[in-house]
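Visitor: Please show me the model, and then take me through how its helices pack and what lies in its core.

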Amino acid sequence: MKTRKRVAIIGAGASGLTCIKCCLDEDLVPVCFERTDDIGGLWNFQEQATDRKASIYKSLIINTSKEMTSYSDFPVPDDYPNYMHHSRILEYFRLYANRFDLMKYIRLKTDVCAITKRQDFSSTGQWDVATKDSDSNLETYIFDAIMVCTGHHSSPHLPLDSFPGIEKFKGQYMHSKEYKDVQTFEGKRVVIIGIGNSGGDLAVEISHCAKQVFLSTRRGSWVFNRVGQDGYPTDMLLSCRYEHLIRNVLPFSFTNWSVERSLNSRFNHTNYGLQPKHRCAASQRHVTEFDFGDVLCYSRQVFQSTRHSQ
C-alpha cells in the first residue's frame, strides 16, 4: 500500500486554507501550523499591531471585488457586498473552512521554529520541522514537502534615514501598520507619505477629523474608481475576454491613451498634482483604487499633494 505523503503548511490565511484543500484533493496529508489563535492571517483583525504579523485597520475594505476574490470552488455568498469589509472576508474564510472540513488539519497557537533538510534529503526529499506551542512545548515532525503561506505584509518598511531631521520632530510619526482608527489625528495637521492603496485610504479617512491632510507622492499615480461602467466592479470589467483581446490587438500606446483619457475625464490628475510620468499599463507601476465618492468629496483637502524626492 502506497504511503500518503505529508505536507507541512505554514500559515492558515487565504493561501494556507486553499493549500489544505488542494492537498486533500491530491490525496496528500496536510498539517497546517498557525501561530495565532485563529485562521484568517492578514484578515484576522487585532486591536493592537504586533511583531511578525500583518495588521489591518478597523475600516479596511478589500480593493478587489468579491467576484474576483472568491475561491473558484466556493463563491462568496450573494448577499455579501461587492467590496467586502475585513470582517466579511474572515467570515467567508470560516465558511470555506467549514464547508470543506479544514479546521481539523490546523494546529493553532503553534509557531514553526525551524525547517531543515534531513540528512537523507538527497534520496527522500524529506524535511524536519520544529514547532513550539503556546505552552512552549517543542515538537519535531517529518514532512515530505513544505508550503510557506505566511504572506508578505508583516514587516513594515520605515526608512527614517530618508527623512533628515526626523529625530528632532516633536510630533508623532508611525507606519500604516500601526494605524487602527482616526481618533489619534483629531484636529491635527497630517502628512501621509505614499499613494498606494493604504495611503489613499488613510488620507481620505483621516481627512474626516484632522485639521489638514497632505498626501505626499514621489511619482504620482493613476487613480481608479472601484466601481466601473454600469456599476460593475472595475477589476471584473478589466478581466474579461474582450479586454484581453483589445490589449493584444491594439497597440500598447493606444491602449494606454484610451484608459488614461477615461481616467482623466473623471478625475483630472494634473489638477491635483497626481499625473504620473509612467503609462497607466506599465507593468512595474502600481495604480491606486479609491471610492470616488470620498475622493471627490474630500479632494480639496486630501489632494494637496507634494512631490518628495527619491
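Guide: A crossing is called left-handed if the near helix is turned anticlockwise from the far one by less than a right angle, and right-handed if clockwise. This is a predicted model, in which local features need pLDDT of at least 70 and side-chain atom pairs count only at pLDDT 80 or more, while totals for chains, interfaces and linings use all residues. Residues are numbered from 1 along each chain as its sequence is written, and side-chain values use heavy atoms, with hydrogens and water left out.

Visitor: In which hand does α1 pass α3?

Guide: Helices here are DSSP runs of H or I with at least four residues, and strands are runs of E with at least two, numbered from the N terminus. With axes fitted to C-alpha atoms over the stretch in contact, and angles running from 0 to 180 degrees between N-to-C directions, α1 (residues 14–25) and α3 (residues 86–99) come within 11 Å and cross at roughly 15 degrees. The crossing of α1 with α3 is left-handed.

Visitor: Which residues of α3 make the contact with α1?

Guide: Contact means heavy atoms within 4.5 Å. From α1 the contact draws on A14, L17, T18 and K21, and from α3 on F93, Y96 and A97.

Visitor: Which element gives the most to the largest nonpolar core?

Guide: Such a core is a set of buried Ala, Val, Leu, Ile, Met, Phe, Trp, Tyr and Cys residues joined through side-chain atoms within 4.5 Å, where buried means under 20% relative accessible area (1.4 Å probe, protein chains only). The largest has 43 residues, and L17 and F93 are among those with the most contacts inside it. With five residues, the element that gives the most to this core is α3.

Visitor: With which residues is I206 in contact, leaving aside its neighbours within four places in sequence?

Guide: I206 is also among the residues with the most contacts inside the largest core. Leaving aside those sequence neighbours, the contacts of I206 are Y179, V182, F185, V190, I192 and V213.

Methods:
Buried < 20%, exposed > 50% of the residue type's maximum accessible area, 1.4 Å probe, protein only.
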